[in-house]
Amino acid sequence: EPRAFAFDRVFPPSAGQEAVFAEVQPAILSLFRGMNACVMAYGQTGAGKTFTMAGEAGREGVIPRCCALLFEKPMRVKVSVVR
């Protein structure tokens with residue numbers, strides 16, 4: 001049976017880390033107003049979800065940018081995945 005899905009935003013492969021963070025930044029800033037926030041990366045294996053969230057040196061992803069925004073100083077974030 002067909003199903004319909006709705007997404008707030010879908011980024012093309014050409015979107016950079018800056019574009020993704022610009023989209024989630026308002027949700028992160030809402031934490032200061034006592035709101036809850038959740039950022040979810042969804043997609044096929046190998047689509048770039050981990051890179052989008054973690055990034056690399058010089059091309060930081062959502063997690064390091066959020067930490068820098070919230071704590072106002074650079075942080076090193078280590079992400080691991082257990083299967």
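Just after helix H3, Glu 72 takes a positive phi of about 55°. That is a handy place to enter this predicted model, and from Glu 72 we can step back to see the whole before walking through the parts.

The protein has three helices and two strands. Read from the N terminus on, the elements follow the order α-α-β-β-α. If you draw a box around the C-alpha atoms along the principal axes, the box comes to roughly 50 × 30 × 30 Å. Of the 83 residues in the protein, 16% are buried. The surface that the protein exposes is about 7,200 Å², and carbon and sulfur atoms supply 55% of that area. As for how the chain meets itself, take the contacts between residues at least 6 apart in sequence: 41% of them join residues at least 24 apart.

Let us start with helix H1, which covers residues 17-29. H1 has 13 residues, and the distance from its first C-alpha to its last is 18 Å, close to the 18 Å expected at 1.5 Å a residue. Where does H1 have a kink? Look at Glu 23, where the kink is about 35° and lies shortly before the proline Pro 26. The buried residues of this helix are Gln 17, Val 20, Phe 21, Val 24 and Ile 28. What do these buried residues pack against? Their partners are helix H2 (49-54), strand S1 (55-56), strand S2 (59-60) and H3.

Now turn to H3, made of residues 62-71. Here the buried residues are Val 62, Pro 64, Arg 65, Cys 66 and Cys 67. The cover over them includes H1, H2 and S2. So H1 and H3 appear in each other's surroundings: H3 is among the elements that the buried residues of H1 pack against, and H1 is among those covering the buried residues of H3.

Next come the charged pairs. How many salt bridges does a search of the whole structure find? The search finds three. One of them brings together the side chains of Arg 9 and Glu 23, at 3.4 Å from N to O. This pair links distant parts of the chain, with Arg 9 in the segment before H1 and Glu 23 in helix H1, 14 residues apart. Arg 9 counts as partly exposed because its relative accessibility is 43%, and Glu 23 is partly exposed too, at 39%. You have met Glu 23 already, since the kink in H1 lies there.

Another salt bridge joins Arg 65 and Glu 18, with 3.6 Å between the closest N and O atoms. Arg 65 lies in helix H3 and Glu 18 in helix H1, so this pair ties together parts that are 47 residues apart in sequence. Are the two ends of the bridge buried or exposed? Arg 65 is one of the buried residues of H3, whereas Glu 18 is exposed because its relative accessible area is 53%, where exposed means over 50%.

The remaining pair to visit is Glu 56 with Arg 59, whose closest N and O atoms are 3.6 Å apart. Glu 56 has a relative accessibility of 40% and therefore counts as partly exposed. Arg 59, at 45%, counts as partly exposed as well.

Between H1 and H2 there is a loop, and Ser 30 is found in it. Why does Ser 30 count as buried? Its relative accessibility is 7%, and buried means under 20%, so Ser 30 qualifies. Leaving aside residues up to four places away in sequence, Ser 30 touches Met 35, Asn 36 and Ala 37.

We can finish on the outside of the protein. Which residues make a nonpolar surface patch of about 710 Å²? They are Phe 5, Phe 7, Val 10, Met 40 and Tyr 42. Val 10 sits in the segment before H1, and Val 10 counts as exposed because its relative accessibility is 58%. To place Val 10 against H1, compare its C-alpha with that of Leu 29: the two residues are 19 apart along the chain, and their C-alpha atoms are separated by 21 Å.

Methods
Residues are numbered from 1 along each chain as its sequence is written. This is a predicted model: local features need pLDDT of at least 70, side-chain atom pairs count only at pLDDT 80 or more; totals for chains, interfaces and linings use all residues. Side-chain values use heavy atoms; hydrogens and water are left out. Patches are made of residues with over 30% relative accessible area and no salt bridge: like charges are joined within 9 Å, nonpolar side chains (Val, Leu, Ile, Met, Phe, Trp, Tyr) within 5 Å. Accessible areas come from the Shrake-Rupley method with a 1.4 Å probe; for residues, only the protein chains shown count as cover. A salt bridge is a side-chain nitrogen of Lys or Arg within 4 Å of a carboxyl oxygen of Asp or Glu. Helices (H or I, at least four residues) and strands (E, at least two) are DSSP runs, numbered from the N terminus. Buried means under 20% relative accessible area, exposed over 50%, partly exposed in between (1.4 Å probe, protein chains only). The expected span of a helix is 1.5 Å times one less than its number of residues. The bend at a residue is the angle between axes fitted to the seven residues ending there and the seven starting there. Contact means heavy atoms within 4.5 Å.
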